[in-house]
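I opened the notebook today to look up how the strands are paired and how far they are covered. The entries follow in the order in which I checked them.

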Amino acid sequence: MITTKDADFYRENGYLFVPGIIPQELVEALRVAADSSIERMNSHQLETNKLWRGEWLEDEDRKAQVIDAIHDPHFHDASFFRLVAHQPLIDTLAMLIGPNVQLHHSKLLAKPAGKGGGFPMHQDYPYFPHEKHTMLACSVYLDDADEENGCIRVVPGTHKLGPMECDPGGFYLPPQDYPVEDGTPCNAKAGDAVIFNYLTVHGSAPNRSTRPRRNILIQARDPEDPPINEFHQSRGQGMMLAGYNPIPFEARWEEKKATAKA
Ligand SMILES: O=C(O)CCC(=O)C(=O)O
């Protein structure tokens with residue numbers, strides 16, 4: 001469980017490192033679930049390589065690099081559901097968001113050894129903008145992560161800058177102004193988490209090691225922080241992780257129907 005001092009650190013810096021939040025037994029089950037879920041997708045001819053598009057990469061690297069990703073893996077394997085329902089993790093999110101915590105989506109990422117791609121520096125805000133900026137990502141590591149295998153890097157305090165202008169090529173910051181190497185590396189052990197606000201600038205380098213780097217991102221918000229657009233829809237979106245939803249979904253639907261008719 002984090003302390004109020006940790007929560008103050010998050011509010012000041014836009015990120016927080018939380019050691020040992022996931023027990024090793026669950027981490028091991030998640031590693032198996034990660035690899036088998038990716039294999040199952042591929043065996044159904046479903047592409048899992050979701051390396052980011054845009055001109056931030058040389059063509060040669062784009063061909064060589066891979067980032068396997070599965071959105072909402074809790075629909076693929078029950079171990080992922082155990083993760084989003086893990087009480088110490090939920091308690092931690094409630095310390096940062098408030099007593100009511102709502103799931104937006106989750107995502108499994110796997111950077112394979114030697115060829116795992118990176119992420120250019122970016123804010124998550126453009127993908128799912130909300131009015132009050134309560135949205136955060138809780139990145140849980142399934143492998144030890146360091147600079148060699150492409151741990152996440154953050155730019156502390158950038159959540160206070162508000163939404164920033166993106167590169168015309170995509171929802172990332174101009175790579176010449178925001179090189180990944182300038183971010184603060186968040187080295188972590190398997191079972192640790194790195195939490196960051198969706199306005200905090202972050203990214204990661206490719207995996208140049210002989211070890212995989214797998215993690216799961218859980219994106220959550222205060223249910224009273226409405227989305228600005230409906231761009232990002234996800235299965236399971238809106239599930240309550242802590243507390244209750246003061247605005248029932250049905251009320252939003254009715255509101256939408258009334259707006260559409262007017
Ligand atoms: O886990 C990482 O290396 C970065 C992931 C990320 O930035 C994202 O999915 O938006």
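I first fixed my terms: two strands pair if DSSP finds at least two bridges between them, and helices (H or I, at least four residues) and strands (E, at least two) are DSSP runs, numbered from the N terminus. The model is predicted, so I noted that local features need pLDDT of at least 70 and side-chain atom pairs count only at pLDDT 80 or more, while totals for chains, interfaces and linings use all residues. Residues are numbered from 1 along each chain as its sequence is written, and side-chain values use heavy atoms, with hydrogens and water left out.

I then looked up the partners of β10 (residues 213-221). Strand β5 (residues 136-141) pairs with β10 in the antiparallel sense over six bridges, and here I found Tyr141 opposite Asn215. Strand β3 (residues 101-111) is also antiparallel to β10, joined to it by nine bridges, with Gln102 opposite Arg221.

Is β10 buried or exposed? Taking buried as under 20% relative accessible area (1.4 Å probe, protein chains only), I found that nine of its nine residues are buried, so β10 is largely enclosed by the rest of the structure. Both faces are covered, with Leu217 among the buried residues on one side and Ile216 among those on the other.

Last, I traced an open sheet of four strands, which has the order β4-β9-β6-β7 and antiparallel pairing. Its edge strands, β4 (119-122) and β7 (184-185), each pair on one side only. Within this sheet, three bridges join β6 (residues 152-154) to β9 (residues 202-204), and Arg153 stands opposite Gly203.

Key:
Buried means under 20% relative accessible area, exposed over 50%, partly exposed in between (1.4 Å probe, protein chains only).
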